[in-house]
Amino acid sequence: MPHVGARVVKLSMKELLELFDVREAMESMAARLAARHMSAEEIAGLREVLAVHERQTDLSRGEAYYQREGDLDFHYRIVLGSHNRMLMTLLCDDLYYLVRLYRTQFSASGARPQRAFVEHHRIVDAIEAGDEELAELLMRRHVSASRENVAQRYAAVLEQEAETAVTPIQRKSS
C-alpha cells in the first residue's frame, strides 16, 4: 500500500517560514469567520478549552503551554468555528499535524506560553463580540509572534546541529 506508515518530516528554515505564512493567512481568515458564525455554545466551549489550559501546572509556572490534539486545541476549535469546510480541510489535515509538530517542539516553552495564553483570551473576546476585523487582526499578530519565536528557536537548533556535524579533525584545522 502506498503512503502507509510513519513519515519523518524535517522542514528547512525556508519551508518552516512558508508554513507559518500559510498558517497566518488561513487561521486569520478562520478567526474572522468564527466571529461571524460561532454560536454562544461554541464560544463557551472555546472558553472552557482555555480554562482547561489555565489549570495546567506547566503554564502556571511559566514553563510551557502544551495543547492536546483536536477539541482541546485552541486553534483547531477556531477553525471548526469558522464553519468553512474548505478551511477545515486545508488546516485540519496534514497542515495541522505539521504545525503542531513544530509548535510543540519550538514554541511551547520559554517566555512565549504566558503571552500566547493572553493572546488566546483576546482572540476569544473579539470572536464573542462578533468583531470580525479585530479577531482576524489578533489571530494574525498571534501567529506572527509564534512564527518569530519558532524561527528563532529552530535557527538555534539548526546551528547546533551544524556545529556537532563538524568532525574533530575539521575543528583542529580551523
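This tour moves through the helices of one protein chain, naming at each stop what to select and what is found there.

**The whole chain**

Begin with the entire chain in view, bearing in mind that this is a predicted model. The protein chain holds 9 helices and 0 strands, and, when it is read along the sequence, its pattern is α-α-α-α-α-α-α-α-α. If you switch on a surface, the accessible area of the protein chain comes to about 10,100 Å², and 54% of that area belongs to carbon and sulfur atoms. Of the 174 residues in the protein chain, 41% count as buried. Contacts between residues distant in sequence can be followed throughout the tour: among the contacts in the protein chain that link residues at least 6 apart in sequence, 80% join residues at least 24 apart.

**Select residues 74-81: helix H4**

How many of the 8 residues of helix H4 are buried? The count is 6 of the 8, so helix H4 is largely enclosed by the rest of the structure. To see them, colour Phe74, His75, Tyr76, Ile78, Val79 and Gly81, which are the buried residues of H4.

Next, add aspartate 73 at the start of H4, where one of its side-chain oxygens reaches to within 2.9 Å of the backbone nitrogen of histidine 75. Then go to the other end of the helix, where H4 is followed by histidine 83. Histidine 83 sits in the loop between H4 and H5, and its phi is near 60°, which is a positive value in a residue other than glycine. With a relative accessible area of 43%, histidine 83 is partly exposed, because that value lies between the limits of under 20% for buried and over 50% for exposed.

**Add residues 13-37: H1 against H4**

Two packed helices are described by the angle between their axes and the distance between the axes. With helix H1 (residues 13-37) shown beside H4, the two axes come within 7 Å and cross at roughly 60°. H1 and H4 are therefore oblique to each other, and their crossing is left-handed. To inspect the contact, display Arg23, Glu27, Ala30, Ala31, Leu33, Ala34 and His37 on the H1 side, which meet His75, Ile78, Val79 and Gly81 of H4.

**Add residues 85-92: H5 against H4**

Continue along the chain to helix H5 (residues 85-92), which packs with H4 at an angle of about 155°, the axes being 8 Å apart. That angle makes H4 roughly antiparallel to H5. The residues to select for this contact are Tyr76, Val79 and Leu80 in H4, together with Leu87, Met88, Leu91 and Cys92 in H5.

**Add residues 112-129: H7 against H4**

Helix H7 (residues 112-129) packs with H4 at an angle of about 15°, with the axes 12 Å apart. H4 is thus roughly parallel to H7, and the crossing of the pair is left-handed. Here Phe74, His75 and Ile78 of H4 meet His120, Ile123, Val124 and Ile127 of H7.

**Select residues 132-165: two buried residues of H8**

Histidine 142 is placed in helix H8 (residues 132-165), and, with a relative accessible area of 4%, this residue is buried. Which residues does histidine 142 touch, not counting those up to four places away in sequence? They are His75, Arg112, Ala116, Glu119, His120 and Ile123, and of these His75 is one of the buried residues of H4.

Valine 143 also lies in helix H8, and counts as buried at 0% relative accessibility. If residues up to four places away in sequence are set aside, valine 143 touches Phe20, Arg23, Glu24 and Glu27. A C-alpha trace adds one further pair to examine: valine 143 and serine 28 are 115 residues apart along the chain, yet their C-alpha atoms are separated by 8.4 Å.

**Last stop: lysine 14**

Finish at lysine 14, which is found in helix H1. Is lysine 14 buried or exposed? At 58% relative accessibility, lysine 14 counts as exposed. Its side chain makes a polar contact with the side chain of glutamate 18, at 2.6 Å. Draw a final distance between the C-alpha atoms of lysine 14 and alanine 151, which are separated by 9.6 Å although the two residues are 137 residues apart along the chain.

Methods: Residues are numbered from 1 along each chain as its sequence is written. This is a predicted model: local features need pLDDT of at least 70, side-chain atom pairs count only at pLDDT 80 or more; totals for chains, interfaces and linings use all residues. Side-chain values use heavy atoms; hydrogens and water are left out. Helices (H or I, at least four residues) and strands (E, at least two) are DSSP runs, numbered from the N terminus. Buried means under 20% relative accessible area, exposed over 50%, partly exposed in between (1.4 Å probe, protein chains only). Contact means heavy atoms within 4.5 Å. Accessible areas come from the Shrake-Rupley method with a 1.4 Å probe; for residues, only the protein chains shown count as cover. A polar contact is a pair of N or O atoms within 3.5 Å; within protein, one must be able to donate a hydrogen and the other to accept it, and residues adjacent in sequence count only if both atoms are side-chain atoms. Axes are lines fitted to C-alpha atoms, for helices over the stretch in contact, and angles run from 0 to 180 degrees between N-to-C directions. Angles under 35 degrees count as roughly parallel, over 145 as roughly antiparallel, 65 to 115 as roughly perpendicular and the rest as oblique. A crossing is left-handed if the near helix is turned anticlockwise from the far one by less than a right angle, and right-handed if clockwise.
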